[in-house]
Amino acid sequence: MPSIHADLILTGGPVFTADPARGHATTVAVRDGRILAVGTDEVRELAGPGTETVDLRGRLLIPGFQDAHVHAVMGGVELNQCDLTGTTDVDEYLRRVRDYAQRHPDLEWIAGGGWSMESFPGGVPSRELLDRVVPDRPVYLINRDHHGAWVNSRALEMAGITAETADPADGRIDRASDGTPAGGLQEGAMQLVAALLPAVAPAERLAGLLRAQELLHSLGVTAWQEAMLCATNGYPDVSDAYRTAAVEGRLTATVIGALWWDRDRGAEQIPELVEKRERFTAGRLRSDSVKLMLDGVAENFTAAMTAPYLDGCGCATANRGLSFIDPAALPGYVTELDALGFQVHFHALGDRAVRDALDAVAAARAANGFRDTRPHLAHLQVVHPQDVPRFRALGATANLQAYWASHEPQMDELTIPFLDPELARRQYPFGDLLRAGAHLAAGSDWPVTTPDPIEAIHVAVNRVHHGSDHEPFLGAQALDLGTALTAYTAGSAYVNRLDDTGTLRPGNRADLVVLDRDPFAGPPLAIGETRVALTYVDGRQVYAARDA
C-alpha cells in the first residue's frame, strides 16, 4: 500500500498532458494542490479513504487553458452595460439601446458596446440612428474591436466636436461629405468623448473582475495575462480591481498584469513601471510584463502595413496605417525594459508593426543577450514572409487570436478589399509560424471576441467559425488539434512564466479541465461542439457544469 494518498483522482478517460515527453495516460492523481502522478491503472493505487475520485467516462482531461491576451475587467464591466454583442442587426442594436435607456432613467450617459462595423455602410455608424432612440442623453458605444465608438448628437455636442474639429494625430473622426461628424470615432478620436464619461466606480470594476473570473473559469481558463493594466491614453485603468481581489484572496485565477506603456511619453516612465511592478504583485497577481500597443486594426485602416491601403476603387492610397510608438525610439525602450527583467507584450497587427516589434527585440537581444524575458507579439494579422523565421531566431512568441482567422463580413467586406493583395494573402499565418519553429501561445482579446478557447481552437484547426458555411480562410495556415490545444495551455503558460503549469506532469500545479467529450475522437468540424464540464485550480474545483 502506498504511504501517500491522493486527495483527488481523475480516471477513466484520455489525458492530454501537453507534455511531449509523456505518452498514453488515463489517470491523474492530485495531492495538496499539485499533481502527484500521471499514468494509467497503477495511479489508482494512490486512492485512500478520503480520496475523491472523478470518473472521466471517456471525456478528455487537459491542463487548464491560459489566455495570453485578455481584458477581463473590461469584459466583466461591459457585461453589466448596454450589450450589443451577438447580433449584427441595426434594428436590434437600437431596440437594445432604447430598452437599456428606459431601464436606467437615472444614468447620465448610456454606455456599452459590442456592435460590428459590418452593420453599417463602410463600417461607419450614424449618429442620427441613436438620436431616434436616445435624443436627450449622450450615448457612447464601443465597437466589438474596441478601436472605434458610435456616439449620438448629444455626445458630440457635449464634446464640442463639429465639422471644424481637427482629427487627433492618433485617430479619426468619421465625417459626412460636408465634414459634419457622422457618429463614428476611430482610435484616439474616441477619447474626445470618452474623457467626459463618468468614471466606473471601484466597486463596479471589482464586480466586473469577479464576473469575468466566473465566466472564464466556466470556459476552462485557469490563468490569464491582463493586457492593459494601469492604462492611460483614454483607456480605463482597472488595476485597483486586481489588487483588491488579490489582497483579499478573491482572485482564484493566476493573473499576469501587462503594465500599459503610455504612448504619449518615453523612457522617463520606466522607473514608474518598476514601482508598479512591485505594487501590483500580490497574492495570485504578478505584474512583470509591459504592454506596448504599436498600431491599430486593419478594418479602420490604422494597422501599420508595409504597403498602402487601397481605396474603394482598388487604387493605392497614401495611408499605411499608424505607428502609436515611434519605431526609431522603440528599440531603446525595449532594451531598457528587457534589462530590467520585464517581459514585453506587443500589440502588433500589421506587418510593419510586427517588423518594428521584432527589430526592437533584436536590439534588446544584441544589447542584453538572450535573457529569459519571453517577449511575445499578439494579434499578428499580417506577417511579412521575411519576418516569419525571426520569431524562432529571436525567441519571440507568436501570441495567436485564432478566432479572427475566418471569413466573415468584417474580413470580406471591410478588410480584404482594402489591403494590398499580397498582404491579404499573408493573414494569420499560423501554419507558417509553426513550420518555421516559432513558439505559439494563444489568447482571446475578450471582450473584442469570445473568451471561449474551444471556439478559437475550432477556428485554428478549421479556419472557419463553428457552424459557418464559409470556405476555410487560407486553409494552408490551419493547425492540428494537438498543436492548437498546446498553444492554449503549455504555450500560454510559457508566455506567462508559470512554469509549473500548462502541462500535466508530477509536481506541477493541478490546474485541470475536464471536457464533456474527447474532441480528438470526432471530426474536426465538430470541435466547436465541445464544452467544459469541470475546472480545477490548484486541485480545487472552481466550476462544474450542471451535467458534470
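## Salt bridges and strands in a predicted model

D432 is partly exposed, with a relative accessible area of 32% (buried is under 20%, exposed is over 50%, and partly exposed lies in between, using a 1.4 Å probe and protein chains only). This is a predicted model, in which local features need pLDDT of at least 70 and side-chain atom pairs pLDDT 80 or more, while totals for chains, interfaces and linings use all residues. Residues are numbered from 1 along each chain as its sequence is written, and side-chain values use heavy atoms, without hydrogens or water.

**Charged pairs**

The structure holds 36 salt bridges (a side-chain nitrogen of Lys or Arg within 4 Å of a carboxyl oxygen of Asp or Glu). Three of them are listed here.

| Salt bridge | N to O distance |
|---|---|
| E92 and R95 | 2.7 Å |
| R435 and D432 | 2.9 Å |
| D351 and R426 | 3.8 Å |

D351 sits in helix 10, and R426 in the loop between helix 13 (421-424) and helix 14 (430-435), so this pair ties together parts 75 residues apart in sequence. Helices (H or I, at least four residues) and strands (E, at least two) are DSSP runs, numbered from the N terminus. Both D351 and R426 are buried.

R435 and D432 are 3 residues apart in helix 14, so about one helical turn separates them. R435 is exposed, at 54% relative accessible area.

E92 and R95 are also 3 residues apart, in helix 2 (residues 90-103), again about one helical turn. R95 is partly exposed at 35%. The two belong to a salt-bridge network with R96, R98 and D99.

What is the nearest side chain of opposite charge to K276? E272 is, at 4.8 Å, and buried K276 has no salt bridge. Here Lys and Arg count as positive, Asp and Glu as negative; His and the chain ends are not counted. K276 lies in helix 8 (residues 270-279). Beyond its neighbours within four places in sequence, K276 is in contact (heavy atoms within 4.5 Å) with C230 and L259.

**Strands**

Strand 2 (residues 27-31) and strand 3 (residues 34-39) pair antiparallel over 5 bridges; pairing needs at least two bridges found by DSSP. A29 stands opposite A37. In this hairpin, with 2 residues between the strands, D32 takes a positive phi near 55 degrees.

Strand 16 (residues 343-348) and strand 17 (residues 376-379) run parallel, joined by 4 bridges. H347 has A378 as its bridge partner. Between these strands the chain passes through helix 10 (residues 351-368), in a right-handed β-α-β crossover. Right-handed means that, with the strands pointing away from the viewer, the path from the first strand over the helix to the second runs clockwise.

Strand 17 also runs parallel to strand 18 (residues 397-400), with 3 bridges. There, H376 has T397 as its bridge partner.
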